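Visitor: I am new to this structure and should be grateful for a close look at a single part of it. Please begin with a sheet and continue to whatever is connected with it.

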Amino acid sequence: MGPSLAALLCLLDFPGPSLEAWPKTPVPLGGNLVLHCKGGHERGLYRLYREAVEEPVAFEDSCQESWSSLFMYSNVSTAHTGRFRCHYSFHSFWSKLSDPLDVPVSDLYEKPSLWVVPGLIVPTGKNFTLYCRSEVGLDRFVLYHDFLEEGFETILPEKIQKNKATFSFFNKTDAMDGSYQCFGFMSSEPFYWSNSSDILMLSRAVPSRYCSPVHLAHAVLTLEILRVFLTESWHKPHQWMQN
């Protein structure tokens with residue numbers, strides 16, 4: 001039996017699915033990749049497309065009797081990179097295509113260097129700048145900020161000059177603490193990325209009117225050493241005279 005009149009009316013505004021990738025950061029060369037195409041209707045056939053080719057990718061179409069479809073690939077190579085879209089069928093009708101999803105592969109170039117000015121400890125309300133530089137001529141850069149439970153934030157540079165990207169931050173808040181890492185790539189090959197830079201950890205300064213845990217531990221240890229010394233000296237007050 002064909003679709004009902006209500007179903008046909010719904011198809012007039014047949015929304016596209018969402019498309020997500022795991023991991024969220026660039027996929028390391030030789031790693032694993034999962035593309036999740038999630039629709040909003042009944043079970044059906046899901047298809048994955050490369051936007052530039054407008055035909056199904058070389059891998060087999062996925063057909064799962066569920067509300068979502070997972071496209072899973074191991075030993076990822078440059079053949080798995082590109083801009084992807086997906087859609088799904090419902091009563092022989094196809095949905096709109098999803099929004100495009102860029103899937104880069106990393107570990108194809110030497111890692112860039114990442115540093116921060118004025119330093120790793122930045123008080124709340126102050127400004128700071130992150131720099132990402134390539135030694136192999138890469139001319140595009142992306143910064144990832146990992147703020148723990150909330151996941152990754154992707155940040156584009158405000159300026160690129162001589163293979164160095166500048167990321168400026170103003171009026172620092174606690175949300176800006178956490179780990180940062182950057183990647184580089186060539187503008188002519190936007191899906192072939194470098195290794196990740198070393199991870200940089202940013203934190204806020206301890207106010208001077210408070211004693212940090214490290215300082216407190218040092219003070220306690222010093223007092224204990226002094227107590228032991230004085231105790232031993234008290235029990236042997238004349239030993240130095242006898243020698």
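**The open sheet and its surroundings**

Guide: In this predicted model, an open sheet is built from 4 strands with antiparallel pairing, and their order is S12-S13-S17-S16. Strand S12 (113–117) and strand S16 (159–161) are at the edges; each has a single partner strand, so one side of each is left without a neighbour in the sheet. On average, and with direction ignored, neighbouring strands of this sheet are turned by 20° against each other.

At one of these edges, S16 and S17 are joined by 3 bridges in the antiparallel sense. Ile160 has Ala165 in S17 as its bridge partner.

Strand S17 also leads to the aromatic rings. The count of aromatic pairs comes to 7. One of them is formed by Phe169 and Tyr180, whose ring centres are 6.0 Å apart, with 70° between the planes; this pair is edge-to-face. Phe169 belongs to strand S17 (residues 164–169) and Tyr180 to strand S18 (residues 178–186), so the pair ties together parts that are 11 residues apart in sequence. Both Phe169 and Tyr180 are buried.

A further pair consists of Phe183 and Trp193: the ring centres are 5.7 Å apart and the planes stand at 50°, so the pair is tilted. Since Phe183 lies in strand S18 and Trp193 in strand S19 (residues 189–193), this pair ties together parts that are 10 residues apart in sequence. Phe183 has a relative accessibility of 3% and therefore counts as buried, the cut-off being under 20%. Trp193 is likewise buried, at a relative accessible area of 7%. Phe183 and Trp193 also belong to a cluster linked by ring pairs, together with Tyr144 and Phe185.

Through Tyr144, the description passes from this cluster to the largest pocket, where Tyr144 is among the residues nearest the centre. The others named there are Lys24, Asp102, Val103 and Pro104, and the lining comprises 19 residues in total. The volume of this pocket is about 340 Å³. Strand S1 (18–22), strand S10 (101–103), strand S14 (140–146) and S19 each contribute at least two residues to the lining. Sorted by class, the lining of the largest pocket has 14 nonpolar residues, 2 polar residues and 3 charged residues.

Methods. Residues are numbered from 1 along each chain as its sequence is written. This is a predicted model: local features need pLDDT of at least 70, side-chain atom pairs count only at pLDDT 80 or more; totals for chains, interfaces and linings use all residues. Side-chain values use heavy atoms; hydrogens and water are left out. Rings of Phe, Tyr and Trp (its six-membered ring) pair if their centres lie within 6.5 Å; planes under 30 degrees apart count as stacked, over 60 as edge-to-face and the rest as tilted. Buried means under 20% relative accessible area, exposed over 50%, partly exposed in between (1.4 Å probe, protein chains only). On a 1 Å grid over the protein atoms alone, a cavity is a set of points where a 1.4 Å probe fits but cannot get out, and a pocket is an open set with protein on both sides within 12 Å along at least five of seven lines; lining residues have an atom within 4 Å of a point. Grid points are joined across faces, edges and corners, and a volume is the space filled by probe spheres set on the points. Ala, Val, Leu, Ile, Met, Phe, Trp, Tyr, Cys and Pro count as nonpolar, Asp, Glu, Lys and Arg as charged, and the others, Gly among them, as polar. Two strands pair if DSSP finds at least two bridges between them. Axes are lines fitted to C-alpha atoms, for helices over the stretch in contact, and angles run from 0 to 180 degrees between N-to-C directions.
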